[in-house]
Amino acid sequence: MELNWIEKIKFFAKFMQLMIDLHLHSNYSDGLDTPFQLIDKSIELEIKAIALTDHDTIDGVREFLSYGEDKENIIVIPAIEISIMHEPFREIKDVHIIGLNINRDSSELINTLKQQLTGRLNQKKQICRRLREEFGYNITFDEVESIAESNVVGRPHIVKIMKKNNPDKVESKTNDELFKIISLGGEAYVDREFELNLEESIELIEAAGGIPILAHPGIYKVSNRTKFVELCVNAGIKGVEVEYIYAKNRPFFNTDNAQWAQDFLPQFYRKIAEKFNLLKSGGSDYHGKGSNKIIKIGEANVPNEYLKYII
Ligand SMILES: [Zn+2]
């Protein structure tokens, strides 16, 4: 059916308003939804394009693409969110790099992620062993692994078992204190045997044909925000996540700074992106309803114009 001009304008206006979301997690990392559910929910919300950015894994990408690729009303983008090595000297701590539009068949990417996963699991095994042998906790890696629904065992699973099996020992400790024991600088922390630094993760993403993007820059504790982005630019970063729901994410969630963060940070990083000629990206960092993050797909209001340089 031919659209008349009013309908055409309406259609165009609606298209212009449609949002995208380039930061979503599935149950292949620490999200709750399957890749199918992410796609179905996004279509329902009329999101125009979504990227699956699971932590350090592309295992969900096949499912994501096979289900989403022939859907007419959504564009699905294969991606990853890589955790990079801590480097206190460069103020790199808990920094994540997103690789947008990666080739899931890149053997370099597949092999490196395999090594990274092995390193991660060995680290968690060692931490459980130290907790048991040096600190007297009743905990085994097998039990921790059994409660991790996906194949990526993380600190939350260890803390869960610390609490479940050792009520007397953890009684006087807060959740944050328990996390601290097993995190960088904590008594039972163990270094990972294989990790990618900033430059290596950028190279890996580019080797897989992807675009390296600095994820949620506003959450990092650095002494100078501009200089930190400059460091990442010199390392080869091509884009920065400017639209992000800081108010609902750590370290701002439930703090007095939440509103400030939301008003200030996206605006600040939009300017930074222009200053360094970086691509702009953004997303909700959705992990699924029921996870402790009360965020909706598309909530970061990422304009679809960002897409034209990304795909
Ligand atoms: Zn994320």
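Two strands are taken to pair where DSSP finds at least two bridges between them; the views below all come from a predicted model.

**The sheet and its edges.** In this predicted model, 8 strands make up an open sheet of mixed pairing, in which their order is 7-6-5-4-3-2-1-8. Strand 7 (279-282) and strand 8 (302-303) are at the edges, and because each has a single partner strand, one side of each is left without a neighbour in the sheet.

**Pairing of strand 2 with strand 3.** Strand 2 and strand 3 (residues 75-83) are parallel and are joined by 4 bridges, and Ile 50 has Val 76 of strand 3 as its bridge partner. Between these two strands the chain passes through helix 3 (residues 61-68), in a β-α-β crossover that is right-handed.

**Pairing of strand 1 with strand 2.** Strand 1 (residues 19-24) runs parallel to strand 2 and is connected to it by 3 bridges, with Ala 49 of strand 2 serving as the bridge partner of Ile 20. The chain leaves strand 1, passes through helix 2 (residues 35-44) and reaches strand 2, and this β-α-β crossover, too, is right-handed.

**The two covered faces of strand 2.** In a regular strand the side chains alternate between the two faces of the sheet. Along strand 2 (residues 49-52), Ala 49 and Ala 51 are buried on one side, while Ile 50 and Leu 52 are buried on the other, and both faces of the strand are thus covered.

**The buried face of helix 3.** Which residues of helix 3 are buried? They are Val 61, Phe 64 and Gly 68; viewed down the helix axis, the buried residues of helix 3 fall within an arc of 65°, so they line one face of the helix. The packing partners of these buried residues are helix 2, strand 2 and strand 3.

**Helices on the sheet beside strands 3 to 7.** Strand 5 (residues 211-214) and strand 6 (residues 239-243) form a parallel pair through 2 bridges, in which Ile 213 is matched with its bridge partner Gly 239 in strand 6. Helix 9 (residues 198-207) lies across strand 3, strand 4 (96-100) and strand 5, and runs at about 10° to strand 4. Helix 11 (residues 258-275) also packs on the sheet, where it touches strand 6 and strand 7, and its direction makes about 150° with that of strand 6.

**Glu 134 in a loop.** Glu 134 is placed in the loop between helix 4 (107-133) and helix 5 (141-147), and it counts as exposed because it has 10 C-beta neighbours inside 10 Å, where the cut-off for exposed is 12 or fewer. The C-alpha atom of Glu 134 is separated by 8.3 Å from that of Ala 188, although the two residues are 54 residues apart along the chain.

Terms used. Residues numbered from 1 in each chain as written. Predicted model: local features only at pLDDT ≥ 70, side-chain atom pairs only at ≥ 80, totals over all residues. Buried ≥ 20, exposed ≤ 12 C-beta atoms within 10 Å, placed from the backbone. Right-handed = clockwise from strand over helix to strand, strands pointing away. Arc of directions from axis to C-beta. Contact = placed C-beta atoms within 7 Å. Axes fitted to C-alpha atoms, helices over the stretch in contact; angles between N-to-C directions.
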